[in-house]
Amino acid sequence: MAVNKRKFDVVIVGAGGSGLRCALQLARAGHDVAVLSKVFPTRSHTVAAQGGISASLGNMSEDHWYWHMFDTVKGSDYLGDQDAIEFMCREAPSAVYELEHMGMPFDRNPDGTIYQRPFGGHTANLGEKPVQRACAAADRTGHALLHTLYQQNVAARTHFFVEWMALDLIRDADGDVLGVVAMEMESGEVTILEAKATVLATGGAGRIFAASTNAYINTGDGLGMAARAGIALQDMEFWQFHPTGVAGAGVLITEGVRGEGGILLNANGERFMERYAPTYKDLAPRDFVSRSMDQEIKEGRGAGPNKDYVLLKLDHLGAETIHKRLPSIAEIALKFANVDCTKEPIPVVPTIHYQMGGVPANLHSQVLTVGADGSERIVGGLYAIGECSCVSVHGANRLGTNSLLDLVVFGRAAGNHIGSSDLLKHSHKPLPTDAADASLARLARLDASTSGESIQHVANDIRASMQKHCGVFRTSELLREGVGAIGEIAQRAQNIHLKDKSKVFNTARVEALEVENLIETAKATIVSAEARQESRGAHSHRDHPERDDVNWLKHTLWFSEGNRLSYRAVQMKPLSVDTFKPKARTF
């Protein structure tokens with residue numbers, strides 16, 4: 001197969017919030033930037049973020065970045081790197097004001113300032129009382145952010161490759177990344193996109209689970225690319241279950257509903273979160289609320305004919321408030337639960353939502369790798385931002401609204417670092433002679449297959465196995481079984497069959513390539529989870545119910561080659577303030 005070649009200063013894989021923010025920083029500086037996306041940029045999954053973006057603006061009451069940092073460290077169950085967390089929280093106000101000046105249509109207070117709503121785990125004065133920190137555009141904040149950034153990139157003349165899929169990273173003998181091999185999805189044409197700097201901004205991989213709030217495009221493409229290139233994946237055992245997915249559908253109901261005053265009820269009509277979190281109640285961090293809901297269901301207090309969900313009540317807020325502050329939620333409730341939420345509660349259940357782990361990176365978003373001797377080094381020319389990265393600001397559990405903040409802060413940081421580094425001052429490094437060989441071999445194997453497994457059967461078995469073995473509550477037995485089950489599915493994934501080639505659209509080829517990324521992500525998750533013998537944040541282990549800071553206050557690193565694990569220390573030292581030392585999390 002003939003392979004085309006194109007050269008750019010920077011290639012960014014992914015056109016969500018982080019990719020667009022990074023592209024904008026570089027394009028405005030006059031650099032030649034290409035952005036690849038499997039979908040039109042404004043259909044990237046950032047568009048689904050609802051509740052808000054966190055920043056200590058203090059528009060509703062006193063707030064401070066230091067309080068935001070405390071909430072983020074505590075929310076992370078002390079696994080977050082405190083230098084990166086301080087950086088993000090200090091940068092938050094300027095990042096939000098930048099978006100405002102770009103034209104992002106935030107809701108307003110009567111005095112014209114940005115409206116901020118309460119959110120889970122957001123407090124004033126180091127946990128003393130709730131604070132309103134989430135800057136909101138109704139319940140369509142991600143939609144507003146994505147459209148704003150896309151319009152700015154159009155004005156800055158960023159190059160977009162729409163409906164293109166990146167297949168593999170190109171690394172040379174020095175280990176530096178020189179670009180990507182990519183495929184135009186419509187034609188199947190393969191192209192090498194050379195770059196002085198390559199940025200992974202491919203989002204999460206929530207489609208490894210059967211019940212997920214994630215879009216179908218979230219198949220861990222950046223994670224698969226990194227794993228195949230010999231780069232570790234960090235903290236993949238930590239997956240956030242959002243407390244409120246529509247029961248039976250998985251569609252997200254924003255935490256902003258509870259921020260506006262919505263409450264969770266069990267089948268007895270009891271506001272049960274008052275028992276689990278007397279102070280924070282329904283606005284405790286997500287891992288805590290999800291476990292509390294799951295406990296109510298397991299103890300027989302679930303609602304519905306099968307007693308398998310709880311109820312989210314918001315009718316007491318009044319129809320006017322709901323249609324002003326939560327218009328999309330009213331629409332989702334009607335379409336996916338057949339419920340008029342101005343009159344009756346929404347059935348909800350914890351649903352996989354967010355990947356805390358990813359490609360390890362520092363606070364400049366440079367990708368890190370770890371050698372067999374435990375030594376760290378920066379992968380030359382490679383950056384990772386957004387949900388596919390692990391900086392790590394979210395640790396074992398992400399604080400609500402820190403996802404959109406992560407996108408813009410580290411998207412901007414990556415753009416600034418690339419623009420000020422020596423990378424763009426030099427010419428492109430020579431490509432290896434076999435730059436596209438691995439990608440072409442994968443495509444040739446798919447096209448040559450005449451028998452084997454159905455793509456969807458393998459993908460569905462990955463999801464069913466992960467849902468069964470790696471859910472809200474985990475046990476040693478379940479995790480061991482899961483490691484074996486995913487290992488067997490990985491073998492089957494090598495024999496995917498595209499059926500009758502004369503009738504195969506390129507979408508089938510894309511789906512087969514996505515399965516290869518899904519299985520890498522699933523292996524990283526289940527192997528990392530089976531090894532971590534403690535409960536921390538979103539990793540709730542029934543056989544090891546306590547957090548173990550002596551043995552497990554460390555980041556997990558999973559390597560695809562050999563399916564092996566390594567570990568690295570958590571950065572406990574912030575940039576300018578004292579360390580927040582681990583304490584028991586009470587709410």
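Cysteine 22 is buried, with a relative accessible area of 0%, where buried means under 20% relative accessible area, exposed over 50% and partly exposed in between (1.4 Å probe, protein chains only). Let us start the exercises from this residue.

This is a predicted model, in which local features need pLDDT of at least 70 and side-chain atom pairs count only at pLDDT 80 or more, while totals for chains, interfaces and linings use all residues. Residues are numbered from 1 along each chain as its sequence is written, and side-chain values use heavy atoms, with hydrogens and water left out.

**Exercise 1. Find out how many disulfides the structure holds, and why cysteine 22 has no bond to cysteine 388.**

Step 1. A disulfide is a covalent bond between the sulfur atoms of two cysteines. Here the test is a pair of cysteine sulfur atoms within 2.5 Å.

Step 2. For cysteine 22, the closest cysteine sulfur belongs to cysteine 388 and is 11 Å away, so the two are too far apart for a bond.

Step 3. Cysteine 470 is in no disulfide either, since its nearest cysteine sulfur, in cysteine 390, is 16 Å away. Cysteine 470 is also buried, at 0% relative accessible area.

Result: the count of disulfides is 0.

**Exercise 2. Describe how helix 1 packs with helix 4.**

Step 1. Two packed helices are described by the angle between their axes and the distance between the axes. Helices (H or I, at least four residues) and strands (E, at least two) are DSSP runs, numbered from the N terminus. Axes are lines fitted to C-alpha atoms, for helices over the stretch in contact, and angles run from 0 to 180 degrees between N-to-C directions.

Step 2. Helix 1 (residues 17-28) meets helix 4 at an angle of about 25°, with the axes 9 Å apart. Helix 1 is therefore roughly parallel to helix 4; angles under 35 degrees count as roughly parallel, over 145 as roughly antiparallel, 65 to 115 as roughly perpendicular and the rest as oblique.

Step 3. On the helix 1 side, the contact (heavy atoms within 4.5 Å) includes Leu20 and Leu24, and on the helix 4 side it includes Leu145 and Leu149.

**Exercise 3. Repeat the description for helix 2 and helix 3.**

Step 1. The axes of helix 2 (residues 65-75) and helix 3 (residues 82-102) come within 9 Å and cross at roughly 140°.

Step 2. That angle is why helix 2 and helix 3 are oblique to each other.

Step 3. Among the residues making this contact are Trp65 and Met69 of helix 2, and Ile85 and Met88 of helix 3.

**Exercise 4. Look at the backbone: what is the phi of alanine 138 and of glutamate 163, and which peptide bond is cis?**

Step 1. Most residues other than glycine have a negative phi, and most peptide bonds are trans.

Step 2. Alanine 138 has a positive phi, near 50°. Alanine 138 sits in the loop between strand 5 (129-135) and helix 4 (141-155), and is buried at 11% relative accessible area.

Step 3. Glutamate 163 also has a positive phi, of about 60°. Its loop lies between strand 6 (159-162) and strand 7 (164-171), and with 44% relative accessibility glutamate 163 is partly exposed.

Step 4. The cis peptide bond runs from valine 391 to serine 392, with omega near 5°. Serine 392 belongs to the loop between strand 18 (389-390) and helix 11 (402-420).
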